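Student: I have a structure to go through. Can we test each label against its definition?

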Amino acid sequence: MKNLHFKDTFKNFLFDLENFITIYDKHLHVFNYQKLDKLSEKEIDLIIDNKKVIIEGNNLVVKQMTKQELLIEGFILKVEFKYEK
Amino acid sequence: MKNKSIVWVKIKSDKYYNLLLKLNKIGINVLEIKKDKNNILIKTYYEDYKRIKKYLISYKVKIVSKTGLIKYIEVAKKYIVFIISIIISIVLLFIINNMIFKVEIKTDNKKVEKLLIKELKSYGLSTLKLKKRHDKIEVIVKEILDNHKNEIEWLEIKFDGLIMIVNVTEKISKKEEDNYENCNIVATKDGKILSLNLYRGVALKEINDYVLKGDILISGSITHNEEVKDIVCASGEVYGEVWYKVKVEVPFEETITKYTGKNRYNLSIKVNDNIYSIFRSRVNDKEEDVTNLYKLNDFEINLVKEKEIIKDKNILSEEEAYNKALKLAEEKILLMLQKEEEILVKKVLKNTTNNSTIYLELFIVTKENIGELQVVKEGL
């Protein structure tokens, strides 16, 4: 029988621990980010769960920004993950 | 509880990305952003607006528009005098509308009037007191009637605007009725006696005797050898045959009302017996069932169930019209009869018909209680 990770699922259900990035046509949605490092028209840097996420594109603008979520609009060219050693 | 009112905030800055980074650092929730030449408009919570004002001192920050509770508070502050005066007016109107300004007790008996004023006061129903609900009034009336069985026969309390009207019927002591010393049972109609049950007194008529209206049937004077030995109040039941001539006419053409089964609901307002429909009626010929939803003095709101009907014309055959006329005549007589009274004989005396109507004249014999108590007044 497969391990269903009840404990982790329940914890996540209660505290929203999981983070994810969803990429749409002209939008990018980030859930559970820790820090917004850099913000410019061409690049947005984020820290998510001890890894750096670099979003590169053109005409990048923030549509919505809360403590947990970030909604970016623009032409997204690249999403890069950098793991800290 | 956190104030979740949302505001649009205008921040003077042309450095869009710099400003957003700063907002992010101080933990501001930005729900929507708009940008013009030198200003950035952000939609955020009122709590966050206060944080921006606190931490971004060098920026010019201004609220453009508000939503939610904060907006209502602002409007309330602006129109505070108007709102308070409206509230006071409504409260005053409610109080005046529900207050008793005058109590009218409709009786000539001062003793009963005093008694009722005292009783109603004890239930909080006097001048400058609030009116009570209909169900409470019913309970009060019942309690007063129970407490004063010997003084009050019937009591009704109703409100006409600001006036409380108390209709009362005093109790006539039953002892007075029973105290008749001399009374007779007399015939109320002409007829033939069918049965006679004597409880007290002397029977002056026998079964199968013909009597006229006003004849004494049972006398309260007990005589022996033409000398009155005792005087009592006569009592008994006398049933007799009574004869009637009844004329009825029935037209051959009659209107029949049929329900189509189509029902529509409407609301109506009733003010001082004038009825106004709120919506336009959606059925042409209708019958209405009215249910009361709200009532305050002469003002009523009613739910009206409109049942669509079709009126058809029906032509009766001569036989059908004849039977209908017989039934009508019978019903006419039955309306006058009491529980143990009945129709004994029914005969058609005359039957005439013209183009549109049938005319019947009937002779009907009934069995009825023809005896009635009559008090013999002294000196008569």
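Tutor: We will take strands, hairpins, cores and the contact between chains in turn. This is a predicted model: local features need pLDDT of at least 70, side-chain atom pairs count only at pLDDT 80 or more, and totals for chains, interfaces and linings use all residues. Residues are numbered from 1 along each chain as its sequence is written, and chains are lettered from A and ligands numbered from 1 in the order in which they are written.

Student: What makes β3(A) and β4(A) a pair?

Tutor: Strands are DSSP runs of E, at least two residues long, and helices are runs of H or I of at least four, numbered from the N terminus. Two strands pair if DSSP finds at least two bridges between them. β3 (residues 35–39) of chain A and β4(A) have four bridges, in the antiparallel sense, so they meet the definition. One bridge sets A:Leu39 opposite A:Ile44. Three residues lie between the strands in this hairpin.

Student: How do you know that β4(A) also pairs with β5(A)?

Tutor: Six antiparallel bridges join them. A:Ile48 faces A:Lys51 of β5(A). This hairpin has two residues between its strands, and A:Asp49 in the turn has a positive phi of about 50°.

Student: Why are β2 and β4 of chain B called edge strands?

Tutor: The open sheet runs β2-β3-β1-β4 in chain B, with antiparallel pairing. β2 and β4 (61–66) each pair on one side only. Five bridges join β1 (residues 6–12) of chain B to β4(B), with B:Val7 opposite B:Lys66.

Student: What makes a set of residues a nonpolar core?

Tutor: The members must be buried Ala, Val, Leu, Ile, Met, Phe, Trp, Tyr or Cys, joined through C-beta atoms within 7 Å. Buried means 20 or more other C-beta atoms within 10 Å of the residue's own; exposed means 12 or fewer, partly exposed in between, with C-beta atoms placed from the backbone. The largest core has 28 residues, and A:Leu70 and B:Leu20 are among those with the most contacts inside it. β5(A) gives the largest share, five residues. Apart from it lies another core of 13 residues, including B:Cys183 and B:Ile218.

Student: How do you know which residues form the contact between chains A and B?

Tutor: Two residues are in contact if their C-beta atoms, placed from the backbone, lie within 7 Å. Chain B gives 10 residues and chain A nine. On the chain B side, α1(B) gives the most, with four residues.
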